[in-house]
Each structure stands twice: as C-alpha cells, then as structure tokens.
Amino acid sequence: MHDLIKEAVYDDAAAIELSKMDKDVVSVVDAISELSLEETMKLGMQFKRFPLGCDLTEVVVGTCASDLQLKELLGNCRLANMIGASIHICAYAFSDIAEENGMSGIDVMKQVYDTVDVPLDLDHFGENGPMRFPKEIVKCGGECYLKGPAFTECPRGRIHSRLIDKEMLEKPDKEDWVKLASSVAVNVTSEQSGEGHAAPLREAKDVADLAKKYGRGLESIMFVGDGYDEVITGFEKSLELGADIFVIEGGPFNRAENPVEAYVKAIAAARVLVPGKVVATNGAYEYECRAGLRTGLNIIITGFPNNHHGYMCGYEPGTARRGKFGLPRVIEIMNEELKATNTRIPVQRDELVALATAVKLAGPDYIYPRKIGDYTVGDAHWATLIHSKMHDGITLKNTIEDAVSSVNGNSVALLGGRFISWVLANELDKYVDEIIISDTDPWVQKMTVDNLQGAVNATVIAGENDKSSANAADDAIITTTVPQISKNILNTVPNAFNLV
C-alpha cells in the first residue's frame with residue numbers, strides 16, 4: 001500500500017489500481033504521512049479527477065441562524081437557490097425560528113422546501129430529530145475560531161448542552177425532516193476526543209440508519225484533531241456508519257504540530273478513502289481552505305451573516321467571528337486558488353441543472369452507488385440530487401430509451417465521455433458491435449474507454465474527435481447534458497441524436 005500510494009502521486013496506472021482496491025485506513029494514513037507536502041497535494045488532485053473522484057468545486061451555504069426573522073431565512077434561501085448553491089440546514093435554528101413564530105420546526109422546513117429546488121443538506125439532527133440548544137450556544141460569538149488553535153473543547157468551557165424537553169416535542173416529526181432533505185450530516189468527533197463538542201456516536205448511528213432507510217446521501221463530520229490517531233478514528237467511524245461524503249473540520253480543532261501539513265494530509269487521505277468521492281470542509285481557516293483546495297477539496301460549507309459557517313471557513317484567527325458573510329470571501333478564495341476549466345468555480349445553477357438532468361436521464365437504478373465496470377455512475381452528488389425538487393422538476397426532451405431507439409446500425413459514436421455515455425453504452429451493448437468514445441478531455445476519454453472495455457461485450461475504441469468519430473460510425477449520440485456544449489457538438493455533427 002505504501003509503495004502504491006507513492007507511485008500514485010505521479011503514475012496514473014498506480015492511481016487507477018489504488019482506486020479499485022479495498023483500502024485500510026491506517027495504511028493509507030501512514031503512507032500519506034511519509035509524502036512531502038507537494039506530493040500530498042498532487043495525490044489529492046489526482047484523486048479529484050474523473051472518474052477517480054468528483055472533479056466539481058462548490059459552495060454549500062448555511063442560510064439560517066436562530067435570531068433571524070423567518071422572512072430573512074426565506075430570503076437567504078431564495079438567494080442561495082438563485083445562484084445554485086445547496087442549502088445547509090441547521091435544524092436547531094429552523095426550530096428556534098419556528099418557536100418565535102408559533103410554528104413547529106417541520107413547518108419551517110416545509111416552507112424552505114416549497115421555496116427552493118436546490119438540494120437541502122440537514123445537519124444538527126439527532127435521535128429526537130432537530131437538536132435544541134440553550135442560548136449561550138446558539139448565540140455563540142465563535143470564540144474558538146476567533147482566538148485560534150488549539151482547542152479540544154470550547155474555550156468558554158461549554159459542553160454539548162441539549163434542551164431535551166423541546167426536542168421531545170418535535171420527535172414525532174423526525175422522519176419527515178429526513179424525507180424533505182437530500183442529504184443528512186452526522187458527527188463522529190465525540191469519538192475523536194471531542195466528547196463535549198458533539199452528540200455521542202449512538203445518535204450518529206441512529207440518524208445514519210434513518211438516512212439510509214430513505215436513500216439520502218450521508219455526510220460524516222470529523223476533526224483533523226491531532227493529525228494522526230484522531231484522523232484514523234474519524235475515517236474508521238465514518239466508514240462504519242456508511243458515510244458517502246467526508247467533511248473535515250480544521251480551524252481551532254486542528255491541534256497538530258504543523259496544522260497546514262496535517263490538514264492537507266487529512267484531505268488527501270479522505271480523497272483516497274471516501275466512498276462517494278466527495279470531500280468537504282465545514283470549518284477551516286483561510287490558509288487551510290487554500291491548501292485544501294490545492295489538494296482536491298470539493299466543497300466548502302460557508303454561510304450568510306449570523307450563521308456559524310459564515311465565519312468558520314475562509315477567515316483567520318482574530319477575524320473569524322459571528323456575523324461574517326463568508327460566501328463572497330470563499331468564492332474569491334476558490335477563484336484565486338483554482339483555474340476554471342469547462343465548469344465555473346464554484347459550480348453554479350446552470351451546472352447543477354445539467355447535473356440533475358444527467359441524474360434523471362440515468363435513473364435511480366443506475367446511479368451511485370451502482371457501478372458500471374469498476375466505477376460508480378456518478379458520485380454522492382447523484383444520490384443527493386435525485387432527492388431534490390430540481391431533479392423532480394426537470395422535463396426530459398429525450399430519454400436513454402429514445403437515444404437507444406435512434407440507433408439503426410452496428411456501430412455508434414458517443415460524443416462526450418462522462419457518465420451518461422457509460423449508461424448508454426451499457427444499454428446499447430445488446431444492439432451494436434462497436435462503440436466509439438469521443439471527448440475533448442483525453443483523460444475522460446481514456447478512462448471511459450478503459451472502463452467500458454471490461455464492462456460491455458461490444459468493442460469500445462477511442463475516436464480522434466467528434467466529427468471523425470461520427471463519420472466512422474453508423475449513428476452518433478451527443479451524451480452531454482450541458483446545453484452550450486451539446487449545441488457546439490451539434491454544430492459540428494448536425495445529424496447526431498441530441499439528448500438535450
């Protein structure tokens with residue numbers, strides 16, 4: 001394992017082999033601990049590429065705080081929806097706002113659900129449903145982040161206090177919250193020496209089981225902690241719970257001797273280990289955000305003013321305090337650190353709609369965690385998006401069945417090599433003898449050809465370009481769901497069948 005991880009930094013074949021293996025947490029963490037900082041970053045970015053991982057970069061936005069008016073919460077949600085940012089729901093804040101308005105928490109959840117169509121990410125949710133906390137916690141000014149590392153506990157000596165009587169009043173609605181959510185977050189930091197920071201693991205397991213019952217994506221939140229033993233514990237507990245997404249918190253809870261190195265190595269290890277190929281952070285100082293993005297971080301959870309995620313990501317000690325509006329700052333940090341390609345940074349509404357369209361085309365029986373060949377069709381985003389109103393509201397111009405029916409010959413060119421081409425190849429396999437894959441990205445084309453060669457009976461070959469691939473085949477199908485890209489391909493191959 002050690003040698004393979006070192007080889008995978010520079011060698012694609014080694015990375016591919018590693019991605020297909022069952023991996024031991026301790027071996028992965030140990031091997032990455034021996035890499036230099038530069039090598040660690042390269043490994044993380046290697047495992048962010050399609051299809052070893054998820055190559056999107058995005059923001060998820062906390063829109064709520066306990067002291068917001070209901071109209072402010074709904075307005076924040078509308079704004080997040082307009083830019084295409086998934087909404088991170090702090091369940092306790094929804095219930096606090098509801099209480100101020102003579103409502104129940106689930107009523108506020110339903111109002112937000114009715115207001116937006118982006119995915120809803122449910123957090124601070126326990127065995128009784130939405131957690132409830134005393135005022136000194138929900139109105140915390142963020143002293144731990146403001147003062148800086150390193151803490152194992154709240155600098156003001158607070159514990160994870162709960163208002164259980166209030167929680168019990170809402171317990172009958174517990175499953176309804178999850179039904180309205182697209183994904184659910186649990187916290188394993190109580191197993192990493194953070195007993196006072198989070199609920200016990202039994203609650204995480206209870207919520208994880210409920211998320212799995214309804215097919216929702218599952219995120220697991222963990223600390224960087226001491227940078228080694230606690231990282232290992234975090235990964236092991238997350239995998240035991242069946243988490244799809246790993247969420248790594250640094251900030252004051254990164255207590256390693258070299259916090260930048262520890263954060264980078266935790267992100268790289270997460271990239272290699274995470275089942276759903278998505279790695280996020282819910283709390284990281286600016287230097288951690290920057291280093292994490294260079295190591296393959298997919299998601300930064302940020303927030304509107306008064307939401308705690310507003311200051312927990314992208315600020316430094318001495319400036320990270322409650323009231324900050326983290327979203328613009330995080331967007332700028334992303335653009336300074338990453339070079340935009342075909343997809344904007346961060347992902348915006350147009351890209352999210354295109355992705356949701358791909359999910360709807362593939363259908364629930366094909367998407368993550370199902371595999372075609374050695375890889376899942378999509379990543380944890382696909383499992384999340386299928387439980388969103390955005391997905392439900394999409395009307396398909398054509399279906400996979402329509403595309404298959406359009407083929408009359410023995411060979412077909414699939415123009416665009418990402419996941420929908422895999423689904424089409426699998427469906428076309430019983431009708432054609434040859435499948436030509438064309439993609440402008442050589443890596444996407446190579447990985448798709450290699451993966452499909454072992455997954456279908458037809459001969460799968462790489463094309464030179466869209467036009468020559470279409471000319472060499474009896475039929476051609478444009479597989480991308482991004483309208484502008486499909487339009488450009490159609491201009492080159494006007495007789496191709498276009499999904500969108």
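Which helix does E7 lie in?

1. E7 sits in helix α1, residues 2-8. Helices here are DSSP runs of H or I with at least four residues, strands are E runs of at least two, and both are numbered from the N terminus. This is a predicted model, where local features need pLDDT of at least 70, side-chain atom pairs count only at pLDDT 80 or more, and totals for chains, interfaces and linings use all residues. Residues are numbered from 1 along each chain as its sequence is written, and side-chain values use heavy atoms, with hydrogens and water left out.

2. On the whole chain: there are 25 helices and 17 strands. The C-alpha trace spans about 70 × 50 × 35 Å along its principal axes. Buried residues (under 20% relative accessible area, 1.4 Å probe, protein chains only) make up 60% of the 500 residues.

3. Back to E7: together with D3, D11 and E17, E7 belongs to a patch of negative charge on the surface. Patch members have over 30% relative accessible area and no salt bridge (Lys or Arg side-chain nitrogen within 4 Å of an Asp or Glu carboxyl oxygen), with like charges joined within 9 Å and nonpolar side chains within 5 Å. E7 has a relative accessible area of 42%, so it counts as partly exposed (between 20% and 50%).

4. There's a nonpolar surface patch too, made of L79, M82 and I83, with about 280 Å² of accessible area together (Shrake-Rupley, 1.4 Å probe). I83 is in helix α5, residues 70-83, and is partly exposed at 34% relative accessibility.

Key. Lys and Arg count as positive and Asp and Glu as negative; His and the chain ends are not counted. The place of a charge is taken as NZ of Lys, CZ of Arg, CG of Asp or CD of Glu.
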